[in-house]
Amino acid sequence: MDYRNSGVNIEAGYESVELMKKYVKRTMRPEVLGGLGGFSGAFSMEAIKGMEEPVLLSGTDGVGTKLKIAFLMDRHDTIGIDCVAMCVNDVACAGGEPLFFLDYIACGKNYPEKIATIVSGVAEGCLQSGCALIGGETAEHPGLMPEEEYDLAGFSVGVCDKKDLITGELLKPGDVLIGLASTGIHSNGFSLVRKIFDMTEESMNTYYEELGATLGEVLLAPTRIYVKALKAAKEAGVRIHACSHITGGGFYENVPRMLRDGVRAVIRKDSYALPPIFQLMQKKGEVEEKVMYNTYNMGVGMIVAVDSADVERTMKAFRTAGDSCFVIGAVEAGEKGVELC
């Protein structure tokens with residue numbers, strides 16, 4: 001009896017590392033010390049010495065049951081982007097620059113090419129956010145997970161000068177709310193998605209005219225990463241007063257997190273076009289509108305609040321970074337909370 005006979009293939013792990021190295025290498029930053037394969041990832045802090053009071057920021061998350069869609073479609077090259085996005089968007093939401101990322105993959109059986117494909121998506125997410133993939137772990141769990149399945153999670157560490165932190169303290173009545181467009185459902189609410197649609201290969205391959213694609217393609221669209229957009233606004237001289245990453249809990253749970261006491265957010269639902277996937281889900285699943293806005297991003301992945309004088313400059317910076325955006329509401333005096341009208 002040996003380890004391999006118990007279900008763990010150490011050689012497959014070695015092969016996975018070799019296959020993923022070419023993807024990881026693309027994400028390297030000058031601050032990364034050493035190479036892939038060490039017991040820890042090393043990152044030099046030399047680049048932040050110029051900050052007055054550097055503050056480290058961190059974010060951790062997973063992809064959730066969106067993985068079920070990847071399993072059904074046997075497509076694993078974009079799910080890593082979701083994992084990175086969920087972490088780095090939180091870091092950027094506080095005003096930080098993501099520096100590095102580490103991932104964790106738990107699988108029932110290590111298929112080296114599949115693991116490398118997953119990591120290729122993680123690396124792509126790191127490239128989109130400008131952070132380095134400096135390490136990770138692949139754990140084989142025979143008997144605990146089905147052989148064809150896996151779970152994916154990770155975390156990111158970023159930095160920000162304390163004076164540039166986005167805390168919401170600068171919010172005031174009259175500030176304007178700008179929404180950054182999402183690429184679809186992103187990585188939240190898939191337990192409800194799986195109740196609305198049949199989870200079969202046939203269902204995922206069904207083409208919908210209103211979507212302009214198959215259902216599976218739309219559901220698996222990777223989460224938008226907003227790091228470059230927020231950085232572009234900062235470089236344009238815009239001081240963002242507050243920011244909210246619209247994830248699980250939708251508008252009703254996430255928007256209040258960006259508010260200070262004494263102000264509320266008023267958002268106009270008709271201020272932008274609702275993406276067809278949300279209309280289809282609401283109709284097919286007979287889901288109440290409030291539940292939709294309390295579960296999904298509804299086409300808005302990030303919301304920022306800026307002074308009314310900075311609206312055009314902010315939107316120009318976002319669009320230059322490649323993001324679609326729209327004015328969706330304003331900040332008013334009142335009890336802390338959000339109103340959708």
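Two strands pair if DSSP finds at least two bridges between them; strands (E, at least two residues) and helices (H or I, at least four) are DSSP runs, numbered from the N terminus. The model is predicted, so local features need pLDDT of at least 70 and side-chain atom pairs count only at pLDDT 80 or more, while totals for chains, interfaces and linings use all residues. Residues are numbered from 1 along each chain as its sequence is written, and side-chain values use heavy atoms, leaving out hydrogens and water.

**Exercise 1.** Determine the strand order of the open four-stranded sheet and identify its edges.

*Solution.*
Step 1. The order is β3-β6-β4-β5, with mixed pairing.
Step 2. β3 (54-62) and β5 (132-140) each have a single partner strand, so they stand at the edges and one side of each lacks a neighbour in the sheet.
Step 3. β4 (residues 97-107) pairs with β5 in the parallel sense over eight bridges. Tyr104 has Glu137 in β5 as its bridge partner.

**Exercise 2.** Explain which parts of the chain the salt bridge between Glu124 and Arg26 ties together.

*Solution.*
Step 1. A salt bridge requires a side-chain nitrogen of Lys or Arg within 4 Å of a carboxyl oxygen of Asp or Glu. In this pair the closest N and O atoms are 4.0 Å apart.
Step 2. Glu124 belongs to helix α4 and Arg26 to the loop between α1 and β1 (32-33), so the pair ties together parts 98 residues apart in sequence.
Step 3. Glu124, at 27% relative accessibility, is partly exposed (buried is under 20% relative accessible area, exposed over 50%, partly exposed in between; 1.4 Å probe, protein chains only). Arg26 is also partly exposed, at 46%.
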